[in-house]
Amino acid sequence: MDKTQLIEMYSSMLRIRLVEEGIVERYPEQEMRCPVHLCIGQEAAEVGACAALEAGDQVFSGHRAHGHYLAKGGNLKAMLAEIYGKETGCTGGVGGSMHLIDLQAGFMGAVPIIGATIPIGVGAAFASRYFEAGKVVMIFLGDGACETGVFHESLAIAALHKLPVVFVVENNLYSVYSSLEVRQPAGRTIPDLAAGHGVAVDGGDGNDVLAVYDKTKIAVVRARRGDGPTLLEFQTYRHREHCGPEYDNDVGYRTEQEFRDWLKRDPLELFKNHLGNIGVLQEAEIEALKEELKAEIDEAFQFAKDSPFPPPDNAARHVYAGQTGDISA
């Protein structure tokens with residue numbers, strides 16, 4: 001990558017971090033009434049993977065979707081307005097944090113049901129293959145989604161038809177408060193599961209954005225030329241609680257030492273130090289970039305707060321085919 005691309009990648013990671021820190025700061029105001037699943041600590045996996053895609057490619061996500069949405073180019077104002085439940089939100093204010101969508105950016109949707117977007121994404125990849133659209137589909141999922149039935153069914157279909165899909169597993173070690181050790185047998189890995197279905201596998205350090213990009217680029221090129229799907233497992237770690245803006249180390253599912261060890265490998269700090277060492281980005285430039293991003297984010301939050309709530313008639317929209325949405329009828 002050249003200097004401009006490296007700075008853009010760091011800027012994207014920093015932007016996601018600052019947006020989520022903005023959510024943390026404002027959440028106690030009680031104006032965001034939907035639950036939020038923050039991805040602070042996982043930005044490298046999200047930005048590195050999406051950087052390997054082209055504009056026309058498609059992304060699907062799950063409940064922890066903010067980083068994927070923004071990394072793929074989703075509209076920040078629409079995302080925040082959705083979290084505030086406003087009419088200007090990306091789903092009209094009726095979906096909240098876990099139902100993000102931006103078709104113009106190629107972000108096809110996120111849902112809270114674990115693993116639910118996996119078969120939908122595979123269906124989109126089948127359509128791309130059938131209509132020779134040339135699009136690659138990327139499906140983000142967590143380690144917990146690998147324990148669902150649709151995960152196995154979808155991988156089998158993707159391998160059978162050599163579909164242009166890349167499965168990106170952000171393995172943050174926990175499904176809510178349950179570690180891998182109590183959910184999966186010892187000695188068996190997530191790539192093992194995918195390989196058993198005939199899917200190519202790779203992965204590595206999910207906190208190293210350049211390593212994520214390199215691995216993902218190979219998988220995307222492979223999918224685009226018709227060689228079939230790849231599953232990439234990236235090891236990473238969420239800093240905040242499973243659901244909400246606080247920390248949850250006091251629950252006891254992870255140790256304070258483990259938490260501190262992972263904080264030492266903060267993906268933003270790692271990449272910032274790397275860029276400084278190679279002379280691409282210095283501290284003064286980072287501070288200027290941070291101020292620029294904060295101004296954009298403050299404006300987006302104000303837009304969300306100032307936007308109107310959706311009218312009551314919208315409550316029934318899209319519930320049934322052909323329904324107008326007028327609940328007074």
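This passage describes the aromatic pairs of a predicted model, together with the charged side chains placed over aromatic rings.

A search of the whole structure finds eight aromatic pairs. One of them joins Tyr130 and Phe131, whose ring centres lie 5.1 Å apart. The planes of these two rings meet at 90°, and because an angle over 60 degrees is the mark of an edge-to-face arrangement, the pair is assigned to that class. Both partners can be found at the surface in terms of accessibility: Tyr130 counts as exposed at 62% relative accessibility, and Phe131 is likewise exposed, with a relative accessible area of 63%.

A second pair to look at is formed by Tyr174 and Tyr253. Here the ring centres are 5.0 Å apart and the planes stand at 90°, so this pair is edge-to-face as well. The contact links distant parts of the chain, as the two residues are 79 residues apart. Tyr174 belongs to strand S5 (residues 174–175), whereas Tyr253 lies in the loop between strand S8 (230–235) and helix H9 (256–263). Tyr174 and Tyr253 are both buried. Tyr177 joins them, and the three tyrosines Tyr174, Tyr177 and Tyr253 form one aromatic cluster.

Aromatic rings also meet charged groups in this model. The ring of Phe303 has the charged end of Lys77 sitting over it, 5.5 Å from the ring centre. In a similar way, the charged end of Lys86 sits over the ring of Phe309, with a distance of 4.8 Å to the centre of that ring.

Technical notes
Residues are numbered from 1 along each chain as its sequence is written. This is a predicted model: local features need pLDDT of at least 70, side-chain atom pairs count only at pLDDT 80 or more; totals for chains, interfaces and linings use all residues. Side-chain values use heavy atoms; hydrogens and water are left out. Rings of Phe, Tyr and Trp (its six-membered ring) pair if their centres lie within 6.5 Å; planes under 30 degrees apart count as stacked, over 60 as edge-to-face and the rest as tilted. Buried means under 20% relative accessible area, exposed over 50%, partly exposed in between (1.4 Å probe, protein chains only). Helices (H or I, at least four residues) and strands (E, at least two) are DSSP runs, numbered from the N terminus. A charge sits over a ring if NZ of Lys or CZ of Arg is within 6 Å of the ring centre and within 35 degrees of the ring normal.
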